[in-house]
Amino acid sequence: MDTNSAHFIAQPQPTTFIVNVIHVHPGKQEEAFRVIQDVVHYVAERKEGFLWSNLAKSTDGLTVVNIEAIKGAGNVDEFFSDPVFVEKFRRLDDVSTSEFHTYTVGDLVLPKLGHSEGISPGQP
């Protein structure tokens, strides 16, 4: 049985999200993507607080975004206390400026039409 598969539920859960917006230097989007990809894979392989991540490149070539789910806000301090993580993360400074913010789920909005299996028909 695959215990690592993701699934969605109809009620908000106390998940913490990190949204890292990476503003790339001209022509450096691919390199910035590879750097943050390396960072995220490092965390995924070693940190229990990591749940999942979506990495995306903007179509205009100006940004890369990491939307990452973690178990709690304290995981951020845990990640940054790892010197290898910090060294990998700082490589972003060569190809971009970046900012990240920590968020907690306040509301989960699902489509009203075409409910997927697993979502109760009585959900608003």
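Me: Let me start with one side chain: is D82 buried or exposed?

Reply: D82 counts as buried, because its relative accessibility is 10% and the cut-off for buried is under 20%. Keep in mind that this is a predicted model.

Me: Which residue does D82 pair with in a salt bridge?

Reply: The general idea is to look for a Lys or Arg side-chain nitrogen within 4 Å of an Asp or Glu carboxyl oxygen. Here D82 meets K47, with N and O 3.0 Å apart. D82 sits in the loop between α2 and α3, while K47 sits in the loop between α1 and β2 (50–57), so you should read the pair as a link between distant parts of the chain, 35 residues apart. K47 counts as buried as well, at 14% relative accessibility.

Me: How many salt bridges are there by that rule?

Reply: The count comes to 6. Salt bridges can also share partners, and that joins D38, K88 and R91 into one network.

Me: Walk me through that network. How far apart are the closest N and O atoms of D38 and K88?

Reply: They are 2.9 Å apart. D38 belongs to helix α1 and K88 to helix α3, and their positions lie 50 residues apart in the chain. For the other arm, D38 bridges to R91, where the closest N and O atoms are 3.0 Å apart. R91 is in the loop between α3 and β4, so this pair ties helix α1 to a part 53 residues away in sequence.

Me: Which members of the network are buried or partly exposed? Take D38 first.

Reply: D38 is partly exposed, with 27% relative accessible area. R91 is partly exposed too, at 36%. K88 is buried, with a relative accessible area of 18%.

Me: K88 brings us to α3. How do I read the two sides of a helix?

Reply: An α-helix has 3.6 residues a turn, so residues three or four places apart point the same way. In α3, the buried residues are F85, V86, K88 and F89. They cover an arc of only 165 degrees around the axis, so they lie on the same side of α3. P83, E87 and R90 are exposed on the other side.

Me: What covers the buried residues of α3?

Reply: The cover includes β1, α1, α2 and β4 (96–104).

Me: Let's zoom out. How many helices and strands does the protein have?

Reply: There are 3 helices and 4 strands. Starting at the N terminus, the order is β-α-β-β-α-α-β. To see how the chain folds back on itself, check the sequence separation of its contacts: of those with a separation of 6 or more, 72% are between residues 24 or more positions apart.

Me: And what about the inside? How many residues are in the largest nonpolar core?

Reply: A nonpolar core is read as a set of buried nonpolar residues joined through their side-chain atoms. The largest one here has 21 residues, and I22, I36, V64 and F85 have the most contacts inside it. At least two residues come from each of β1 (16–24), α1 (29–46), β3, α2 (74–80) and α3 (83–90). The biggest share is from α1, which gives 8 residues. Across the whole protein, buried residues make up 31% of the 124 residues.

Me: Which residues does V64 touch?

Reply: Leaving out residues up to four places away in sequence, V64 touches N20, V21, I22, V24, Q29, A32, F33, I36, A56 and K57.

Me: What about V65, which lies in strand β3? Which residues does V65 touch?

Reply: With the same neighbours in sequence left out, V65 touches V19, N20, N54, L55 and A56. V65 is partly exposed, at 21% relative accessible area. V65 and A32 are 9.9 Å apart from C-alpha to C-alpha, with 33 residues separating them in sequence.

Me: Last one: which residues form a nonpolar patch on the surface?

Reply: L51, W52 and I67 do, with about 240 Å² of accessible area together. I67 is in strand β3 (residues 63–70), and counts as partly exposed at 33% relative accessibility. For the protein as a whole, the accessible surface comes to about 8400 Å², and carbon and sulfur atoms account for 54% of it.

How values were computed:
Residues numbered from 1 in each chain as written. Predicted model: local features only at pLDDT ≥ 70, side-chain atom pairs only at ≥ 80, totals over all residues. Heavy atoms only, no water. Patch = residues over 30% accessible without salt bridge, like charges linked within 9 Å, V, L, I, M, F, W, Y side chains within 5 Å. Areas by Shrake-Rupley, 256 points an atom, 1.4 Å probe, with all protein chains shown as cover. Buried < 20%, exposed > 50% of the residue type's maximum accessible area, 1.4 Å probe, protein only. Core = buried A, V, L, I, M, F, W, Y, C linked by side-chain atoms within 4.5 Å. Contact = heavy atoms within 4.5 Å. Arc of directions from axis to C-beta.
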